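Let's take a relaxed tour of this protein model, one feature at a time. Keep the 3D view open and click along as you read.

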Amino acid sequence: MRKYVSLLVFIAITLGGGLIVGFATLPGEWYASLQKPSFNPPNWIFGPVWSIIYVLIAIAGWRTWNANSEGISMKVWITQLVLNFLWSPVFFGAQQIGPALVIIGALLIAIVVFIMLRRKRDPVAAWLFAPYLLWAAFAAVLNLSIFVLN
């Protein structure tokens, strides 16, 4: 039972944190006024996609924490979550497209490092990060495109 309570805590922190950051930094008039690439999806898609991804991130973190809460994999997991939560306030809140691009680049590195660290010891945790890597890479391309267009 205690094991599953810790899973709920991971989900609450990851999904809850993501939702709080998302609602605190909703795209506003500034974002609407920016030039965007033709492949920019509608704003409504981001909430559902990120919610699913946050649950997957939480499960991977929980599995990693259960394996070794003090290990490098857990430190990388925490690092990627901090970078993830930092991106929206920099991009939408501070309206700093360039620095946000640097953050998302570091986030992609952290995601890849986590996958590499977990792929042999816990392939499930590594695979749980695969959709995250794809979506974050897409977000990075969007960020770069917006940077270039504006």
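Y31 and F92 are both buried, where buried means under 20% relative accessible area, exposed means over 50%, and partly exposed is in between (1.4 Å probe, protein chains only). Before going on, a word on where this comes from: the model is predicted, so local features need a pLDDT of at least 70, side-chain atom pairs count only at pLDDT 80 or more, and totals for chains, interfaces and linings use all residues. Residues are numbered from 1 along each chain as its sequence is written, and side-chain values use heavy atoms, with hydrogens and water left out.

**Rings that pair up**

How many aromatic pairs does a search of the whole structure find? It turns up 17. Rings of Phe, Tyr and Trp (its six-membered ring) count as a pair if their centres lie within 6.5 Å; planes under 30 degrees apart are stacked, over 60 edge-to-face, and the rest tilted. Here are two of these pairs:

| Pair | Centre to centre | Angle between planes | Type |
|---|---|---|---|
| W30 and F91 | 5.6 Å | 70 degrees | edge-to-face |
| Y31 and F92 | 5.2 Å | 75 degrees | edge-to-face |

The W30 and F91 pair links distant parts of the chain, with W30 in helix 2 (residues 29-33) and F91 in helix 4, 61 residues apart. Y31 and F92 also link distant parts: Y31 sits in helix 2, F92 in helix 4, and they are 61 residues apart. By the way, helices here are DSSP runs (H or I, at least four residues), numbered from the N terminus. F91 is buried because its relative accessibility is just 1%.

Y31 has another partner: the charged end of K36 sits over its ring, 4.6 Å from the centre. To count, NZ of Lys or CZ of Arg must be within 6 Å of the ring centre and within 35 degrees of the ring normal. Elsewhere, W50, Y54, F85, F114, F129 and Y132 form one aromatic cluster.

**The biggest pocket**

Now look for the largest pocket, with a volume of about 660 Å³. It has 29 lining residues, and those closest to its centre are F46, W50, W87, S88 and F92. On a 1 Å grid over the protein atoms alone, a pocket is an open set of points where a 1.4 Å probe fits, with protein on both sides within 12 Å along at least five of seven lines; lining residues have an atom within 4 Å of a point. The volume is the space filled by probe spheres set on the points, which are joined across faces, edges and corners.

Which helix supplies the largest share of the lining? That's helix 7, with six residues. By class, the lining has 19 nonpolar, ten polar and no charged residues.

**One salt bridge**

The structure holds one salt bridge, meaning a side-chain nitrogen of Lys or Arg within 4 Å of a carboxyl oxygen of Asp or Glu. The side chains of R63 and D122 make it, at 2.8 Å from N to O. R63 lies in helix 3 and D122 in the loop between helix 5 and helix 6 (123-128), so the pair ties together parts 59 residues apart in sequence. D122 is buried, at 8%, whereas R63 is partly exposed, at 28% relative accessibility.

**An odd backbone angle**

Most residues other than glycine have a negative phi. Q95 is not a glycine, yet its phi is positive, about 55 degrees. Q95 lies in the loop between helix 4 and helix 5, and counts as partly exposed because its relative accessibility is 38%.

Key: Helix = DSSP H or I, 4+ residues; strand = E, 2+ residues; numbered from the N terminus. Nonpolar A, V, L, I, M, F, W, Y, C, P; charged D, E, K, R; others polar.
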